[in-house]
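Biologist: I should like to understand the terms applied to this model before I rely on them. May we go through them in turn?

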Amino acid sequence: MKRRLGLVLTAAVLAIIMPVTSAGANPRDDKSKVDERVKELQQEFEGLDEELARVIAERDAAEEKLPDAEAASKKADDALAEAIENDDAMAARLTSAQNAQKDLKTSIKDGAEEIDKHKTSAARIGRQAYQNSGITSDLAMLLQMAEGTSADGGIGRVDSAVRSQQRTIDNLSEQRAVNKNNEERLSGVTDEISDLKDEAAEAVLAKEAAQVDAKKKSDSLNDIISAKDDAEKTISDNKAETEEQLQKEQDEQDRLAKKVRDWEKEQEKKGKFVYGDGELANPAKGYPTTSPFGYRIHPITGAKKLHSGTDFGVPCGTPIRAAGDGIVVISGWTGGYGNRVVISHGKIKGDSIASTYNHNTDLKVHDGQKVKKGQVISDSGTTGASTGCHLHFEIMKNGGYVDPMPYIS
């Protein structure tokens, strides 16, 4: 009874626990994480297409989940192997016990037949002894002995018969003892078989649950690997196009740097290369930095790429102000940087400093125009290779790109 109760409880526990332990993470949580990663990627890598950013985020999510999924699948496989081994062991024990039961039943049956034979033999020996001795009863034998008549022959035959009968009775008793012992062993083996059947049933349930769980874990792992492989193929397919786009942006940056350097040299020759007080201010004061200056590994090309400025999270149409006094070198469309304004601030602490303002919706200044610090020069936007309204702000020091924050903090 206790064993069967255990079986029921085992089945109930497996039914409740296995689906829970096999369940994956909440899909909504996964989507939120991917959405957040897409946003980060687009902030880190200007111009990164949202669809591609999502593919990258999904690949990253798959790579993040892969170790746990592999471990879970291996653990489920190990549990399945253990369950199969336990099931096989239980089946072997049950077969062994059933064979023992069969042998005992045969022994008991044979023993019972032997007992019957001994009974029959004992009765037959007794009858023949009395019949052959001429003594028809115990009383007759005593009378013969009292009368002095020779009864030696009859008594000897009776004595021999009694000894033979006693041996048969001894054998009968011994066989009965053996049979009784076998019956007790059979009872024990029968109880053991009953318990083993319950344990075997539990082992089967555990094995079936382990098989289901192992398959779920394996399917989950394969889904993750498949998602990762698909994402990597998409990324690979877009690598050449992305490299071309990045090269265009780099060429644009190089052209701008050269143009600014040439312009600054020309101004320096003219002796008109000091503007304002040499102090710069934040062009988007009050708005958060969404992507800092610095190098990072591009998620598609795998190449190290410089994010040449600081991004500020300004809404579309926000007035953008000049960081300092200066002269507008460029105001116009510049490919991936959209509507761009470049202002030279002249010499600041011995270095030629210029600032750039990118992805504007519209421009408020023109080439060669003198501007004052804080003057509105454009409205923010998302033109060029941009995926959302923001200001990409750069500082050029002697024609090279440097971290803007030390200049405007």
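Modeller: Let us begin with a definition: a helix here is a DSSP run of H or I with at least four residues. The model itself is predicted.

Biologist: What makes H6 a helix, and what does H6 give to the lining of the second largest pocket?

Modeller: Helix H6 spans 239–270, and a run needs at least four residues to count, so H6 qualifies. H6 gives the most to that lining, with eight residues. Strand S2 (294–297) and strand S3 (304–307) each supply at least two residues as well.

Biologist: Which residues are the closest to the centre of the second largest pocket?

Modeller: They are Leu246, Glu249, Gln250, Lys305 and Leu306, out of 27 lining residues. The volume of this pocket is about 510 Å³.

Biologist: How is the lining of the second largest pocket divided by class?

Modeller: The lining has nine nonpolar, ten polar and eight charged residues. Leu counts as nonpolar and Glu and Lys as charged, so Leu246 belongs to the nonpolar class, while Glu249 and Lys305 belong to the charged class.

Biologist: Why is the set that includes Ile343 and Phe393 called a nonpolar core?

Modeller: Such a core joins buried residues of listed types, Ile and Phe among them, through side-chain atoms within 4.5 Å. The largest core has 20 residues, and Ile343, Tyr357, Ile377, Leu391 and Phe393 have the most contacts inside it. Strands S7 (339–348), S8 (351–360) and S12 (391–397) each give two or more residues to this core.

Definitions and conventions:
Residues are numbered from 1 along each chain as its sequence is written. This is a predicted model: local features need pLDDT of at least 70, side-chain atom pairs count only at pLDDT 80 or more; totals for chains, interfaces and linings use all residues. Side-chain values use heavy atoms; hydrogens and water are left out. Buried means under 20% relative accessible area, exposed over 50%, partly exposed in between (1.4 Å probe, protein chains only). On a 1 Å grid over the protein atoms alone, a cavity is a set of points where a 1.4 Å probe fits but cannot get out, and a pocket is an open set with protein on both sides within 12 Å along at least five of seven lines; lining residues have an atom within 4 Å of a point. Grid points are joined across faces, edges and corners, and a volume is the space filled by probe spheres set on the points.
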